[in-house]
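Welcome! Please take a moment to look at the sequence and the 3D view before reading on.

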Amino acid sequence: IPVFAVILADTLLLARYVQQIAADYSAAGADGFLLWPDGFSGYQDPAALRVVSNAVTALSAQSRPVILMYGDAFSLALHYAGLAGFACGICYGESKLSTEDMDVQGEIPTRYYLRFLKKKVVIETEARRIQLDKYPDFECRCDVCQRTPDRASLDDTESKEHFMLVRADELAELRSGLSQQDFAAALDSAYQKYEDNPLLRPVSHLANWSKLLSQ
C-alpha cells in the first residue's frame, strides 16, 4: 500500500525547510507527498505563491507525486510546477488553517464559479448585481448553465454541479497539453480586461499567477 507523507507547515517554514523535508521523507521511502500549506490561499500575495510553487517543484523533483490539500484554482497553475493533484470540497474547502474550528465557520452562501476570472461570486448578492449575461466572456456551456441561462437563479445544488463540470473541463484542458505560456497569457488577458471593473474586483490574483508562470 503506498504511503504518503503529510507535510503541514506555513509558508515561512516551507520556504526554509522544504528541501530538507523532501530529502528526509524520500530517504525514508515515502511514496508521495500530501502538502498542506497552513492557511494558504492562491489569492494571497506573490511571495506566498512563490513559496508554495517552489515547494511543489522541490517535492516533485523527488520523482514522487505531490498532492495539494485544500487547493483552490491556483492549483491549476501549480500543474506546471509538477503538482500531480489537489483536493477540496465542492465549491468550498479550498483553504484551511490547521487550528480552525469547523463548528464556527457558519453557513456557506451559494456561490457561482467564474471560469474566466478563476473566482467565485455570491449568487444572492454579487451575481445578481453583476448581471453575468451581459459579459460574453462569462458564457458557460456546461449542462447546468444551458438548462438555466439565468445563473443568478441557480440553487446550491446547481451551482455545485456547475463547479464540478467546469473544474473537470479546466483539468481536461491542462491534460490536453495547454502550454504554460498560453495559460499565463490567458490569465493576464483576463486581468487587463477587468482590473478596472468595480463589480468584478478584485482580480489581482490573475496578474499574480500570470507573472509567476512567466518568470
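What follows is a short tour of a helix, a group of aromatic rings and two further sites.

Please keep in mind that this is a predicted model.

**A covered helix**

A good place to begin is helix 8, which spans residues 204-214. This helix is mostly covered, with 8 of its 11 residues buried. The buried ones are H205, L206, A207, N208, W209, S210, L212 and L213. What do the buried residues of helix 8 pack against? Their partners are helix 2 (46-60), helix 3 (74-78), strand 6 (119-122) and helix 7 (180-194).

**Rings that meet**

Let us turn to the aromatic side chains. The count of aromatic pairs comes to 11. Two of the pairs involve W209, and the table sets them side by side.

| Ring pair | Distance between centres | Angle between planes |
|---|---|---|
| Y43 and W209 | 5.7 Å | 45° |
| F74 and W209 | 5.6 Å | 45° |

Why is the pair of Y43 and W209 called tilted? Its planes stand at 45°, and an angle that is neither under 30 degrees nor over 60 counts as tilted. This pair links distant parts of the chain, 166 residues apart: Y43 belongs to the loop between strand 2 (32-37) and helix 2, while W209 belongs to helix 8.

The rings of F74 and W209 also form a tilted pair, because their planes are at 45°. Since F74 lies in helix 3 and W209 in helix 8, this pair ties together parts that are 135 residues apart in sequence.

Are these residues buried or exposed? W209 has 0% relative accessibility and so counts as buried. F74, at 1%, counts as buried too. Y43 has a relative accessible area of 37%, so Y43 is partly exposed. Ring pairs join F40, Y43, F74 and W209 into a cluster.

**Two further sites**

Where is Y70 found? Look in the loop between strand 3 (66-69) and helix 3. Y70 counts as partly exposed because its relative accessibility is 26%, and the buried range ends under 20%. Leaving aside residues up to four places away in sequence, Y70 touches W36, A87, G93, E94, S95 and K96. Y70 and C91 are 21 residues apart along the chain, and 11 Å separates their C-alpha atoms.

The last stop is Y113, whose ring has the charged end of R167 sitting over it. That charged end is 5.2 Å from the centre of the ring.

Note on methods. Residues numbered from 1 in each chain as written. Predicted model: local features only at pLDDT ≥ 70, side-chain atom pairs only at ≥ 80, totals over all residues. Heavy atoms only, no water. Buried < 20%, exposed > 50% of the residue type's maximum accessible area, 1.4 Å probe, protein only. Helix = DSSP H or I, 4+ residues; strand = E, 2+ residues; numbered from the N terminus. Contact = heavy atoms within 4.5 Å. Phe/Tyr/Trp six-rings, centres within 6.5 Å; stacked < 30°, edge-to-face > 60°. Lys NZ or Arg CZ within 6 Å of the ring centre and 35° of its normal.
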